[in-house]
Amino acid sequence: MKSEPAASSFGPFFDLTAHFPRGVFAYFLLKGNSGAAPETVAAFLASRGHEAIKVHRADQVHSATVVPANKTPCEADAIIVTSPGEAARVVTADCVPILMASPGGRAAAVHAGWRGTLANISARALEALGAKPSSVSAYIGPAIGPCCYAVDEGRHRAFQEAFPEIVPRHVSEEPLRLDLSAINAALLMKAGVPRENIFREARCTSCDDALCCSYRRDGERAGRMVAVIGLERRREVPCPR
Ligand SMILES: [Zn+2]
């Protein structure tokens with residue numbers, strides 16, 4: 001599946017809200033946006049009608065650490081949000097961005113590079129979400145595709161040994177390749193998320209120069225894309241007079 005980007009004064013983005021339960025909003029800001037600072041992301045959210053949202057971020061260190069939003073900022077690669085009016089964002093430029101939410105008002109933003117994927121950070125974040133996996137919806141955003149992600153034998157073997165049912169043992173292909181997006185989807189399904197609840201963006205960051213930041217393609221000047229998910233503020237219902 002490939003989403004069609006919308007445009008705003010902030011640059012192109014995907015509105016992912018329809019993939020998630022009521023009360024949850026989610027967006028993916030593509031290449032050409034003006035930054036990933038929480039206040040910039042909050043301004044983007046306000047422009048979409050989500051006013052005064054507190055945006056949480058973490059220092060991403062390719063760990064498998066999952067933290068609740070009230071522990072941020074700290075070093076972590078997945079953030080869990082449970083309070084209305086709050087959101088979490090991760091930034092990527094080839095690594096796999098994953099957003100998850102349950103109908104019970106819980107959401108997660110995950111940054112999964114090869115290290116995080118190998119450590120199964122997506123299933124860890126799912127567990128930390130504290131929701132029934134069968135009720136969880138997930139979005140897996142643009143990431144480096146197997147077309148552009150050749151790896152050495154050692155790394156391929158590490159994945160094969162960690163996930164023998166997902167990464168095939170005998171591959172004659174040269175060079176060896178990994179599909180981190182597909183592996184994360186398979187790990188979420190293995191952990192109980194129904195296939196139909198997972199929306200996976202079929203877009204390679206390195207191939208799609210027009211819309212995607214790619215560190216492999218552009219190095220230090222790649223910039224970053226932003227995946228953000230949050231919980232709507234509860235509307236106050238006035239007492240009858
Ligand atoms: Zn590619």
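Colleague: In which loop is the place of P73?

Modeller: P73 sits in the loop between strand 4 (66-68) and strand 5 (78-81). Keep in mind throughout that this is a predicted model.

Colleague: What is omega near for the peptide bond from T72 to P73?

Modeller: The general idea is that most peptide bonds are trans. Here the bond from T72 to P73 is cis, and its omega is near 0°.

Colleague: How should I read phi in the loops, and what is the phi of H62?

Modeller: Most residues other than glycine have a negative phi. H62 has a positive value, near 60°. H62 belongs to the loop between strand 3 and strand 4. With 17 other C-beta atoms within 10 Å, H62 is partly exposed.

Colleague: Is D94 buried or exposed?

Modeller: D94 counts as buried, since it has 25 C-beta neighbours inside 10 Å, and the cut-off for buried is 20 or more. D94 also has a positive phi, about 125°, although it is not a glycine. Its place is the loop between strand 6 and strand 7 (96-102).

Colleague: Let me step back to the chain. How many helices and strands does the secondary structure come to?

Modeller: The chain has six helices and 13 strands. Its radius of gyration is 18 Å, close to the 18 Å that the globule rule gives for 241 residues, so the chain is as compact as a globular protein of that length. Along the principal axes, the C-alpha atoms fill a box of roughly 75 × 35 × 35 Å.

Colleague: What percentage of the 241 residues is buried?

Modeller: Buried residues account for 46% of the 241. As for contacts between residues at least 6 apart in sequence, 65% of them join residues at least 24 apart.

Colleague: Now the sheets. In what order do the five strands of the open sheet stand?

Modeller: The order is 1-2-13-6-3, with mixed pairing. Strand 1 (13-15) and strand 3 (54-56) are at the edges with a single partner strand each, so one side of each has no neighbour in the sheet. From one strand to the next, the twist averages 20°.

Colleague: Which way do the paired strands of that sheet run, and how many bridges join strand 2 to strand 13?

Modeller: Strand 2 (residues 24-29) and strand 13 (residues 225-231) run antiparallel and are joined by six bridges. In that pair, F28 stands opposite A227 of strand 13. Strand 6 and strand 13 are also antiparallel, with six bridges, and V91 has V226 in strand 13 as its bridge partner. Strand 3 and strand 6 run parallel, over three bridges; there, H56 is opposite A88 in strand 6.

Colleague: Why is strand 6 largely enclosed by the rest of the structure?

Modeller: Six of its seven residues are buried, so strand 6 is largely enclosed. Helix 1 (residues 38-47) lies across strand 6 (86-92), as well as strand 2, strand 3 and strand 13, and runs at about 135° to strand 3.

Colleague: What is the strand order in the open sheet of six strands?

Modeller: That order is 4-5-8-7-9-12, again with mixed pairing. Strand 4 and strand 12 are the edges, each with a single partner strand, so each has one side without a neighbour in the sheet. Neighbouring strands are turned by 15° against each other on average, direction ignored. Strand 5 and strand 8 pair in the antiparallel sense over four bridges, with I79 opposite A109 in strand 8.

Colleague: Which strands does helix 3 lie across?

Modeller: Helix 3 lies across strand 4, strand 5, strand 7 and strand 8, and runs at about 165° to strand 8. Helix 5 also packs on the sheet, touching strand 7, strand 8, strand 9 and strand 12, and its direction makes about 180° with that of strand 12.

Colleague: How do I describe two helices together, and at what angle do helix 3 and helix 5 cross?

Modeller: Two packed helices are described by the angle between their axes and the distance between the axes. Here the axes of helix 3 (residues 121-129) and helix 5 (residues 180-190) come within 8 Å and cross at roughly 40°. That makes helix 3 oblique to helix 5, and the crossing is right-handed. S122, A123 and L126 in helix 3 meet N184, L187 and L188 in helix 5.

Colleague: Which residues of helix 5 are buried?

Modeller: They are L180, S181, I183, N184, A185, L187 and L188. Just after helix 5, G192 has a positive phi of about 110°.

Key. Residues are numbered from 1 along each chain as its sequence is written. This is a predicted model: local features need pLDDT of at least 70, side-chain atom pairs count only at pLDDT 80 or more; totals for chains, interfaces and linings use all residues. The radius of gyration is taken over C-alpha atoms; the globule rule is 2.2 Å times the number of residues to the power 0.38. A residue is buried if 20 or more other C-beta atoms lie within 10 Å of its own, exposed if 12 or fewer, and partly exposed in between; C-beta atoms are placed from the backbone. Two residues are in contact if their C-beta atoms, placed from the backbone, lie within 7 Å. Two strands pair if DSSP finds at least two bridges between them. Axes are lines fitted to C-alpha atoms, for helices over the stretch in contact, and angles run from 0 to 180 degrees between N-to-C directions. Angles under 35 degrees count as roughly parallel, over 145 as roughly antiparallel, 65 to 115 as roughly perpendicular and the rest as oblique. A crossing is left-handed if the near helix is turned anticlockwise from the far one by less than a right angle, and right-handed if clockwise.
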